[in-house]
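Student: Please give me a close look at a single part of this structure, and then place that part in the whole. I am new to it, so kindly explain each term as it comes up.

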Amino acid sequence: MSGSPVYEKEIVAIILYTSCFFMVVAFFLVAFFYFSRKKIIQKEVEKRDLEIQYRKEQLHAVIVTQEEERKRIAQDLHDDISSKLNIVSLNSHLLSSPNLTEAETNEITDTIISLTAKALENSRKIAHNLLPPVFEKFGLNAGVRELCDEFESSKAVKVHYHNGIDFDSNHNDRHLHIFRILQELMNNSLRHGKATEIWIDFKVENEIQTCYYKDNGIGFDSENAENQKGLGMKNIDSRISFLKGIIEIHSEIGKGISVVFTF
């Protein structure tokens, strides 16, 4: 017995409406996933662009730092070495002058010896700034200790240094970046922070080598991004990136600076 036409029409209508409903739902789901995926891809592209831009800034900072270092070395060579050697050369020619008295000869000779000694000492200082011999021979721990002693010799700052890591000398290429980071931080503490005390502590925490650094200087507002865009900080960031570490910087005005970085 067949159903009534009205009943059949209702069933067809229900099936039709149900099909339309599922088609609409499917359409919205496809559209939702499409636009969600598109948004995710867009975010990934933006993130990649930011990373590329950040790497470019890091590279630029390294290049600028290298150029500044070259200029400083060239200036030191010109002012401290070249000028003294020029005077030594002039005095050497004077020694060949006729009719020089013994007193004049002795005076010229003493001048040559004195200037040569000063030029030698200055050349050692320049070489030391490029790569401290103690670091090269005995590693990071000895290099940092000597760096602390150098800062303390100025009588302007007291440095408290503790090391709980047995540094492998085979990793000196990596350790040089750590040394330069500390050098930059200490220079900033003294020059900009006006600090009178500095604390440096190397530890191994959760199998991760970590350095804790702080000073008692005038500090700055670390929440303000502009305060961390200086050339020195970009150079530190690039070294941390090379070490595949992370760095956290916290400071408040009047409360010094606290830095933690891993390597």
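Tutor: A residue is called buried under 20% relative accessible area, exposed over 50%, and partly exposed in between (1.4 Å probe, protein chains only). The model is predicted, so local features need pLDDT of at least 70 and side-chain atom pairs count only at pLDDT 80 or more, while totals for chains, interfaces and linings use all residues. Residues are numbered from 1 along each chain as its sequence is written, and side-chain values use heavy atoms, with hydrogens and water left out.

The part chosen here is residues 12-35, which an unreviewed UniProt entry annotates as "transmembrane region"; such annotations may be inferred rather than shown by experiment. This stretch is 100% helix and 0% strand, with 34 Å between its end C-alpha atoms. Helices (DSSP H or I, at least four residues) and strands (E, at least two) are numbered from the N terminus. Phe-21 belongs to helix α1, which spans residues 5-94.

Phe-21 also contributes to a nonpolar surface patch of about 640 Å², together with Phe-22, Val-25, Leu-29, Phe-32 and Phe-33. Patch members have over 30% relative accessible area and no salt bridge, and nonpolar side chains (Val, Leu, Ile, Met, Phe, Trp, Tyr) are joined within 5 Å, like charges within 9 Å. A salt bridge would place a side-chain nitrogen of Lys or Arg within 4 Å of a carboxyl oxygen of Asp or Glu. Areas follow the Shrake-Rupley method with a 1.4 Å probe, and for residues only the protein chains shown count as cover.

Two members of the patch are exposed: Phe-32 has a relative accessible area of 52%, and Phe-33 has 54%. Across the whole structure there are ten aromatic pairs. Phe-32 and Phe-33 form an edge-to-face pair, because their ring centres are 5.5 Å apart and their planes meet at 70°. Tyr-34 and Phe-35 are likewise edge-to-face, with centres 5.1 Å apart and planes at 75°. Rings of Phe, Tyr and Trp (its six-membered ring) pair with centres within 6.5 Å; planes under 30 degrees apart are stacked, over 60 edge-to-face, and the rest tilted. Phe-35 is exposed as well, at 52% relative accessibility.

As for the whole, the protein has six helices and five strands, in the order α-α-α-α-β-α-β-β-α-β-β from the N terminus. Of its 263 residues, 28% count as buried. The protein exposes about 18100 Å², of which carbon and sulfur atoms supply 59%.
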